Amino acid sequence: MPKLPGKLFRVTVLLVAFGSLYLVALHKHAEREEIRKAAVALTPGCTEKLGRYGLTPGEQYESPYVAQRAAVRTVARGYSEEDVRAVQRGCNIVDDSQGTLASEPWRERWNAKRFIRGSHASCDHCHRGIGDLQDASGNRLPGSNSLAASWTMGDMYDRFTGLLLPYELRQMQCYINSSNGFKPNLADDVIRDVTAYSRFLSGALDLKIANHYEEQGIDEIPASATLKQGDDYIRGEALYKDKCQGCHGLQGLGLELNGQLIAPAVAGPNAWNLQSRNNFYFVSTILAGFICRNMPPGQENTLQHQDCRDVAFYISNLPRPAGDRQGPIAALQQQLFMAVMPPLLRLSGSSKAPPPPLEHASASTPEKVRVENAE
Amino acid sequence: MDPGDRHEERFGYAAIARAPRLTALAVIAAFLLWAHFASGIPVFHSDVSSERGWEKFRADYGIGHFGSDGQFVRAVQNGYNLFFHTYKYAPRFTRKSSADPVNSCAACHSPEDLAYSFVNSDRFDPRLGTRLSFEDRVRRCYVASVDGFVPTVFDPAVRDIRLLARAVAHHLQLSEGALRTEK
């Protein structure tokens, strides 16, 4: 009998603990529902993009882009107010994953930052043009890693994972590797809203399901697209110092001014990890393709293929975090490198000689291989 | 006891000790061979059973466009089996049997319905007050229309139906939010 009060006490504590957790869950669900119903403050980029594509609630949707470019009317199912808000939130997440432009990032971006390590990574850094890069005339650019084209090719065989990879799992891979972060739940609003935005883009551009489009993925640059002189660390370092260091810094750690990100890190704790497809040692062709296509800003497509491979090779040799499946020893080793290398390099950091002249293959007739699922 | 006896004794014990292990190994090997070649249970092999009508469906909807025997085509074929013979290929998720008149997705839907539903998914459903993905709709069908249980979104019973819908949508050249004009 004297044991009864003790048992009663323990049972009561357990019930109170579980009840409290249940109440917290209810509160969080209500909070999420409230955020879903709240008006969305768009980033300047999303205001322009979604305005140009005529995203408004309505029974039917007609794409101004298609009407203007193809001179045909395409009438599709319209978007409800809830759908419009989901698309807007998705656009915001792609444009500003870290929420630096938001007054309340944890509300306005579903706190996407909790799935990202470091303060630099954002979807828009790889999926440029908020996932839909176009030139001044509105032409979609080949190899621009378009989210719209990527959505239409979702569920297709992915040669890196060996899976029929759904679009949602691709997003997870981006969070884990390219953002060196954590995996959101498949049903998390962070994932679903970006899917909604990508689907809207594919509708606005009138892309057909499972068709292959030029703007999907990145123009890969294999060694066969060069004169096969080998990827050179020294040449890459000299080129990096000449072309990239001004923005990305001597150590590739990126550049921030007054809390604003000017250029993202390409090495160090804020960069992608060793298991990202951007890493030369995992896939040697993707980062080189991205560099040739997009860098340096204002001088895109000016670097030769071998230059891009050399720079990619050099960048991938700078210390960066280990991937989540590489185990604690690799993680420790990379952390050690990231802590020790920058001061050592700073001490010995004298500028190297300019790159030796290189007989290049013609840049205008490259052999390029397309990749369908670059992160 | 001389050393020879001890040796025989040891040898005898060792043989006796080995016998159950060998038997266990033989049983495991026999099970694996049976599972792979003779059981007919889909989870044990990568082939997909070819149901009646598949070859015509494959030709009609241009599924071969994705390759002769790729993962995608096999997944679509499994989706075809699930769609037309749900009670047979997803018995875990339905209480229906071959005797029931409504025992498959095809009893209510056509492949075209599926494709249009796919390109119109991830939209707000005013009746339910939430945005529904295609997978959510398939799961709801398992529960309600075929009187069964909810698969996870990762289950092939859901995933392969989505792949079937995607393949048909590709054949029809549908884009996001396509409206169905003919019935």
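The exercises below, each with a worked solution, concern a predicted model.

**Exercise 1. Packing of two helices**

Determine how helix α4 of chain A is oriented relative to helix α10 of chain A, and which residues make the contact.

Solution. Start with the geometry: α4(A) covers residues 81–95 and α10(A) covers residues 189–204, and the two pack at an angle of about 100° with their axes 7 Å apart. Angles of 65 to 115 degrees count as roughly perpendicular, so α4(A) is roughly perpendicular to α10(A).

Next, list the residues. From α4(A) come Asp83(A), Ala86(A), Val87(A), Arg89(A), Gly90(A), Cys91(A), Ile93(A) and Val94(A). From α10(A) come Val190(A), Arg192(A), Asp193(A), Val194(A), Ala196(A), Tyr197(A) and Phe200(A). Sorted by class, the residues of this contact are 10 nonpolar, 1 polar and 4 charged.

**Exercise 2. Length and burial of α4(A)**

Check the end-to-end span of α4(A) against the expected value, and state how many of its residues are buried.

Solution. The helix has 15 residues, and at 1.5 Å a residue it should span 21 Å. The expected span uses one less than the number of residues. The end C-alpha atoms of α4(A) are 21 Å apart, which agrees. As for burial, 13 of the 15 residues are buried, and α4(A) is mostly covered.

**Exercise 3. The two domains of chain A**

Describe the contact between domain 1 and domain 2 of chain A.

Solution. The domain assignment places domain 1 at 39–204 and domain 2 at 219–370. Their C-alpha centres lie 26 Å apart. Domain 1 of chain A gives 13 residues to the contact and domain 2 of chain A gives 21. On the domain 1 side, helix α9(A), residues 167–178, gives the most, with 3 residues. That side divides into 4 nonpolar, 8 polar and 1 charged.

**Exercise 4. The chain B side of the interface**

Characterise the side of chain B that touches chain A.

Solution. Count the residues: 23 of chain B are in contact with 23 of chain A. Then assign them to elements: α3 (71–84), β1 (123–125) and α7 (156–171) of chain B each give two or more residues. The largest share, 5 residues, comes from α7(B). By class, this side has 10 nonpolar, 7 polar and 6 charged residues.

**Exercise 5. The setting of Cys105(B)**

Decide whether Cys105(B) is buried or exposed, and name its contacts beyond four places in sequence.

Solution. Cys105(B) lies in the loop between α4 (86–89) and α5 (111–119) of chain B. The threshold for buried is 20 or more C-beta atoms within 10 Å; Cys105(B) has 26 C-beta neighbours inside 10 Å and therefore counts as buried. Leaving aside neighbours within four places in sequence, Cys105(B) is in contact with Phe83(B), Thr86(B) and Cys141(B).

Note on methods:
Residues numbered from 1 in each chain as written. Chains lettered and ligands numbered in written order. Predicted model: local features only at pLDDT ≥ 70, side-chain atom pairs only at ≥ 80, totals over all residues. Contact = placed C-beta atoms within 7 Å. Helix = DSSP H or I, 4+ residues; strand = E, 2+ residues; numbered from the N terminus. Nonpolar A, V, L, I, M, F, W, Y, C, P; charged D, E, K, R; others polar. Axes fitted to C-alpha atoms, helices over the stretch in contact; angles between N-to-C directions. Parallel < 35°, antiparallel > 145°, perpendicular 65-115°, else oblique. Buried ≥ 20, exposed ≤ 12 C-beta atoms within 10 Å, placed from the backbone. Domains from an automatic or database assignment.
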